[in-house]
Amino acid sequence: MIGDTFGWLTDAAHWRSTNFDTGIWDQLLAHIGFCAIALVVAVAIGLPLGLWIGHSGKATWLVTVVNAVRALPTVGVLVLLVVVIAPNFYGRTNAGYLIPTEIVLVLLAVPPILSNAYAGVQNVPPAVRDAAFGMGMTGRQVLARVELPNALPLIFSGFRSATLQVIATATIASYVTLGGLGRFIYDGLAQQDYPQMISGGLLVAALALTTDLLLALVQRYTVSRGLTGRLPRAGRVRTEGADSRSAVLTEELASEGAR
Amino acid sequence: MSTAAAYAVPDLAAHVVQAASSSPWAFFSYFLDNRARTLDWLWAHTWLSVVPVLVGLVLALPLGWLARRYSFVYPPMMSITGVLYTVPSIALFVLIPPLLGLDPLSPLQVPIALSLYSTALLVRVVADGLAAVPQETIQAATAIGFRPVNRFFKVELPIAVPVITAGLRVAIVANVSIVAVAGTIGMTNLGLLFDEGFKLSVDTPYYPPIVLGIVLCVLLALLLDAFVVALDRALTPWRRAVGR
């Protein structure tokens, strides 16, 4: 089985698109496309809202509501939306399937982004915030120059888990007839072509792992060195106690929802 | 465990006739007509959500203890579990049979994949939960005369319970949603209701199985979550005694 899978993956014909079949490259691009749209929308919604709720302390109920959305079964909501929306589109468009998929992916990505942005701002030590106000910063400046950089590690962990969930769930888009890497899994299953199905699984896993690695690199070079502890030995300050770590862990845990 | 094929969809034509109807009565009559089958799937869904978390916890306790006890074990263990948790669920479902030499559609792959996820999540939770136990508490326990094994089970583990149950809540709610994904590749659980609804909605929307599936999944997730919260309360009486 492993040899067959290797054979399927290394067959150049499976990588190119033909008149009858879409190849791996094009499905990979389609998969990344679905994910990118959903993530851009989710960040545009979740990040400012989460930062504002954390900064102002208003509307904290929204965080609870958004977190409750995680209990929804993703597949079920996708199928429901497809059944409701798809019949409204006719002809050669896939909008009837694309719109439900993007709605589901955004629904999935907003909770970790929003609640981690909120938790990140909440976890900024009060002394730091007071010092910034004491220096004469306005509320807006404190948010942008103090709270946001301090919240960045948690915001990143939320964004990373949102990205992974979206990559995983975009696979199900193929179940409702769209393209993407899930195509190989569902087609392979239907045709009992198991090497194809397993290759699809491998490709999705590889995409998720690569993306996470890239995001980890971006995080490493954008988060302030004062927070990560990557300072020259002389300037190193011990900041993290065990208690604050477990508080942060609880927030991080909440962001690791369904895969 | 009975498979999907064992059930003929009862009286399919009757459903298609009333397909356009989304009245409460249509949902109710759908459930009545398919009661036995739906309850079977609900049961399969429940044990598929719960058992892997239990397996994960049993595996994670010693691993988390190791990571806490020997600090050089912590970084590699967190990398391995992190990578495991990064692999999308559907990929894991598909990849497990060839890796373990199982049949490609073995019903075992779902509990195995979910157990791996739960273990990956809970190892970190257990290790960090144990790390959050105050040093003074451990010293006090040692001074009273607790031996290491006894101290672990009677002092350190109970104090780590709130962090561990926080992880259990995440794992169990996530599982309910992931199990439904396994339904799309033909595994027996509530996900089959979505599959059926999708297939019956080719011409006109037919909501009952889809809505029923969503409602049952959400109820199951809330119920299991509430159970873990109750467990947490029962295991940590001192938190209420202090009145925090």
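How many salt bridges are there between chain A and chain B? The count comes to 0. Keep in mind that this is a predicted model.

## The interface

So what does join the two chains? Here 48 residues of chain A are in contact with 46 residues of chain B. Between them, chain A and chain B bury about 4,100 Å², and carbon and sulfur atoms give 78% of that area. On the polar side, the rule picks out 3 residue pairs in polar contact across the interface, both residues of each pair at pLDDT 80 or more.

Looking at chain A's half, the elements giving two or more residues to the side that touches chain B are α4 (74-85), α7 (139-173), α8 (182-190), α9 (194-222) and α11 (242-255) of chain A. The largest share, 10 residues, comes from α9(A). Sorted by class, this side of chain A has 34 nonpolar, 7 polar and 7 charged residues.

## The two chains

Chain A has 11 helices and 0 strands, and chain B likewise comes to 11 helices and 0 strands. Read along its sequence, chain B goes α-α-α-α-α-α-α-α-α-α-α.

Of the 259 residues in chain A, 47% are buried; for the 244 residues of chain B, the figure is 51%. Chain A exposes about 12,500 Å², with 63% of it supplied by carbon and sulfur atoms. Chain B exposes about 11,400 Å², and there carbon and sulfur atoms supply 70%.

Sequence separation is worth a look too. Take the contacts in chain A with a separation of 6 or more: residues 24 or more positions apart account for 72% of them. In chain B, 74% of the contacts between residues at least 6 apart join residues at least 24 apart.

## A closer look at α8(A)

Back to one of the helices on the interface. In α8(A), 7 of the 9 residues are buried, so this helix is largely enclosed by the rest of the structure. The buried ones are G182(A), R183(A), F184(A), I185(A), Y186(A), G188(A) and L189(A).

What covers them? From chain A, the cover includes α1 (2-10), α2 (24-56), α7 and α9. Chain B joins in with α5 (89-100) and α8 (148-184). After α8(A) comes Q192(A), which has a positive phi, near 50 degrees.

## Salt bridges

Over all chains, the rule gives 7 salt bridges. Side chains of opposite charge can pair when their charged atoms come close. One of the bridges joins E147(A) and R129(A), at 2.6 Å from N to O. E147(A) sits in helix α7 of chain A and R129(A) in helix α6 (residues 126-134) of chain A, so the pair links distant parts of the chain, 18 residues apart. E147(A) is buried, with a relative accessible area of 1%.

Chain B offers two more to look at. E196(B) and R37(B) meet at 2.8 Å, N to O. E196(B) lies in helix α9 (residues 191-200) of chain B and R37(B) in helix α3 (residues 35-69) of chain B, so their salt bridge ties together parts 159 residues apart in sequence. Both ends are tucked away: E196(B) is buried at 11% relative accessible area, and R37(B) is buried at 5%. The other bridge pairs D195(B) with K199(B), again with the closest N and O atoms 2.8 Å apart. These two are 4 residues apart in helix α9 of chain B, which means they are separated by about one helical turn. D195(B) counts as buried at 13% relative accessibility, whereas K199(B) is exposed, with a relative accessible area of 55%.

Technical notes: Residues are numbered from 1 along each chain as its sequence is written. Chains are lettered from A and ligands numbered from 1 in the order in which they are written. Side-chain values use heavy atoms; hydrogens and water are left out. Buried means under 20% relative accessible area, exposed over 50%, partly exposed in between (1.4 Å probe, protein chains only). Contact means heavy atoms within 4.5 Å. Accessible areas come from the Shrake-Rupley method with a 1.4 Å probe; for residues, only the protein chains shown count as cover. Buried area is the accessible area (1.4 Å probe) that two parts lose on being put together, summed over both. A salt bridge is a side-chain nitrogen of Lys or Arg within 4 Å of a carboxyl oxygen of Asp or Glu. A polar contact is a pair of N or O atoms within 3.5 Å; within protein, one must be able to donate a hydrogen and the other to accept it, and residues adjacent in sequence count only if both atoms are side-chain atoms. Ala, Val, Leu, Ile, Met, Phe, Trp, Tyr, Cys and Pro count as nonpolar, Asp, Glu, Lys and Arg as charged, and the others, Gly among them, as polar.
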